[in-house]
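I sat down today with a structure to browse and kept a few notes for the bench. Here is what I looked up, in the order I went.

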There are 2 protein chains.
Amino acid sequence: MTHIALPASLHDLPTPCLVLDGARMARNIDRLRDRLAQRGVPLRPHLKTGKSIEVARRMMTTPEGPATVSTMEEARRFAAAGVSDIVYAVGITPAKLPDVLALRAQGVDLAILLDSVEQAVAVAEVSRAAGMAIPALIEIDCDGHRSGVQPGDRDRLCAIATALTQGGQLRGVLTHAGDSYGAQGEEALRAAAEAERLAVVTAAQNLRDGGFACPAVSVGSTPTALSAVDLTGVTEVRAGVFVFFDLVMAGIGICSHAEIALSVLATVIGHQEDKGWILVDAGWMALSRDRGTASQAVDQGYGLVCDLSGRPFGDLIVAQANQEHGVLALRAGSSESLPSLAIGDRVRIFPNHACATAAQHDRYHVVQAGSDVQAIWPRFGGW
Amino acid sequence: MTHIALPASLHDLPTPCLVLDGARMARNIDRLRDRLAQRGVPLRPHLKTGKSIEVARRMMTTPEGPATVSTMEEARRFAAAGVSDIVYAVGITPAKLPDVLALRAQGVDLAILLDSVEQAVAVAEVSRAAGMAIPALIEIDCDGHRSGVQPGDRDRLCAIATALTQGGQLRGVLTHAGDSYGAQGEEALRAAAEAERLAVVTAAQNLRDGGFACPAVSVGSTPTALSAVDLTGVTEVRAGVFVFFDLVMAGIGICSHAEIALSVLATVIGHQEDKGWILVDAGWMALSRDRGTASQAVDQGYGLVCDLSGRPFGDLIVAQANQEHGVLALRAGSSESLPSLAIGDRVRIFPNHACATAAQHDRYHVVQAGSDVQAIWPRFGGW
């Protein structure tokens with residue numbers, strides 16, 4: 001990649017590239033922090049959206065955490081940068097336990113997630129063999145969207161806890177209201193948040209009734225974290241995408257376009273005038289293949305097109321994407337006219353899903369309100 | 001990322017990760033090479049699928065090329081590895097011309113692509129200022145799928161050629177039958193190939209009639225390259241995804257499942273028995289969000305699930321994907337029963353689109369027929 005010497009600006013950065021509006025990000029972080037502070041519940045931010053220590057430090061309450069990660073690579077990278085209170089929130093496999101032990105031996109309080117007796121037995125065995133009790137949370141299924149134990153299944157919860165505590169340690173329960181990404185409007189979002197809370201509080205109570213301590217009661221997703229009214233019984237909230245926001249979040253009503261902090265900078269490379277197309281050099285490689293708004297009321301294609309200040313043109317979206325080509329066109333039925341964009345002109349494109357789009361890039365170009373790049377923050381991928 | 005010491009095997013690699021069957025890849029390369037050799041037309045492989053010098057060297061006729069790339073980063077990386085005959089096959093913007101000049105000054109014969117007088121004027125100006133004629137191909141639109149000049153639009157072709165040759169150099173014409181990815185069956189594929197050939201041969205004739213030399217007449221896409229019967233007038237064929245193949249290519253009938261060389265290795269992390277779900281640690285981050293088979297006769301979800309030898313289980317697909325979770329389930333309407341896969345068991349997943357899935361990873365774990373990893377080949381991304 002071409003070396004970028006600062007100062008640079010959105011007018012001269014090689015395209016396509018990732019632009020992060022630092023002022024919007026800071027406001028997004030304050031918004032969730034203030035909301036949770038009012039309810040007296042700490043935030044354990046999910047670092048999988050940013051995958052950047054610079055972003056992580058701004059999301060976390062302290063340089064040591066707490067934090068949530070989705071890969072062992074995130075755990076290792078953030079631990080190397082001083083984060084020492086981490087939950088790896090994807091169901092564990094026995095083959096990953098040696099890496100967990102290695103991080104714990106370095107002084108990192110890394111907790112893991114599981115939802116079966118089989119996993120609990122493996123964790124207890126490895127813990128005993130290492131003489132080091134690995135702490136685990138039991139994953140609770142609050143909405144049927146993927147993994148987890150039913151909150152009312154006391155037998156299974158207690159069987160997992162029993163197996164786990166033969167060497168390992170029960171840290172608590174955790175759930176993620178993944179279905180809230182499909183909710184829409186304040187009422188539906190509040191209901192999803194309450195269902196999430198109720199699931200995990202019920203599971204914790206079942207474990208306590210069975211004689212197990214259940215210190216951590218963890219919920220989280222961006223839509224529910226920003227919608228929950230009552231968090232009684234919850235000890236921490238996890239959320240990730242709130243830091244950048246995106247078109248999916250705007251589509252369910254949890255943020256406005258003016259709060260979306262992430263965009264892809266692209267340059268016009270051509271036109272097909274008879275079709276009303278403007279071609280740019282950002283295709284799905286730069287935007288990702290995510291089509292999360294396809295099932296929403298307003299389909300944003302592969303992204304909503306903005307001017308260099310981050311203001312949408314209106315109905316101009318990335319209607320189609322090839323690997324390195326984006327086809328800009330007006331949304332079907334639009335009465336607007338195509339903006340006048342010549343070859344070499346630049347646009348910013350809001351992503352459907354910030355986690356997916358950011359993952360296509362290895363760095364953030366950080367701007368504040370203007371077009372001057374004030375910092376370049378590296379990001380990483382891998383497992 | 002965890003350091004992998006060879007020897008390793010599919011049984012102990014950290015998951016998710018990318019597996020490349022080197023024997024299948026070699027057969028795929030031979031297949032296209034033999035086909036083009038019979039027709040006497042050279043191959044200019046597209047290196048955007050592999051983004052790896054190890055893969056590139058096996059695809060190219062010589063270590064110096066010829067080659068096609070989709071980003072300036074590919075041009076720079078492959079040039080640094082000794083490739084000196086390169087076409088950058090995405091419409092050029094003026095801001096990228098200094099990088100083109102820099103590579104040409106290093107002795108790389110880098111040619112660019114354009115489809116407007118505006119671009120041609122910019123290329124000619126920059127060429128004159130640098131005292132170095134940049135060679136450009138005119139992009140031809142053979143099927144309306146994105147950019148390019150209509151093959152019969154002699155006025156526009158000659159206007160571009162006239163502007164270009166005021167300092168730049170006309171290398172020829174180039175087209176890509178992108179719509180062939182939506183073709184199905186031998187007849188439709190042959191028709192797409194003939195339409196692609198005819199478009200570019202017609203455009204070349206129009207330029208020659210206008211008094212311009214048009215040495216390069218370049219066509220290419222994997223489906224058409226493997227289907228073309230007649231290549232009269234064509235001087236080179238470009239193709240990329242043929243090197244790995246994928247489920248989209250299998251869906252249009254251009255390859256069999258037994259020819260797909262790329263897969264994602266994943267580990268079982270849980271079950272939701274009442275739903276018939278098996279959870280694995282490969283979500284869309286490892287598989288990509290590409291849903292290219294969604295519009296085909298057989299929808300493969302986010303991928304087709306295979307055993308460790310690369311043989312599909314049958315109707316088991318990745319029905320849903322979150323960032324780091326894949327939900328395996330039988331295809332709707334299947335009469336098969338769910339294979340018995342315990343926590344810790346491993347599967348390989350064929351991708352919908354090899355270019356998109358490979359782009360989510362930074363290395364290939366190369367196996368031959370068996371499960372021993374014989375090499376690790378790095379790959380790169382970025383622009």
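I began with the sheet in chain B, keeping in mind that this is a predicted model. I found seven strands in an open sheet, and I wrote down their order as E3-E4-E5-E6-E7-E8-E9, with parallel pairing. Which strands sit at the edges? They are strand E3 (67-69) and strand E9 (236-238) of chain B, each of which pairs on one side only. I also looked up the twist, and the average from one strand to the next is 30 degrees.

Next I checked how E3(B) is held to its partner. Strand E4 of chain B, residues 85-91, runs parallel to E3(B) and is joined to it by three bridges. I picked out one of the residues: B:Val69 has B:Tyr88 in E4(B) as its bridge partner.

Then I asked what helix H7 of chain B (residues 186-209) packs on. This helix lies on the sheet and touches strand E6 (135-140), strand E7 (169-175) and strand E8 (216-220) of chain B. The direction of H7(B) makes about 155 degrees with that of E7(B).

My last stop was the contact between the chains. I noted 47 residues of chain B in contact with 47 residues of chain A. On the chain B side, the elements giving two or more residues are E4, helix H5 (117-130), strand E10 (262-272), helix H10 (284-287) and helix H11 (354-358). Which of them gives the most? That is E10(B), with four residues. For the make-up of this side of chain B, I counted 17 nonpolar, 19 polar and eleven charged residues.

Notes:
Residues numbered from 1 in each chain as written. Chains lettered and ligands numbered in written order. Predicted model: local features only at pLDDT ≥ 70, side-chain atom pairs only at ≥ 80, totals over all residues. Pairing = 2+ DSSP bridges. Axes fitted to C-alpha atoms, helices over the stretch in contact; angles between N-to-C directions. Contact = placed C-beta atoms within 7 Å. Nonpolar A, V, L, I, M, F, W, Y, C, P; charged D, E, K, R; others polar.
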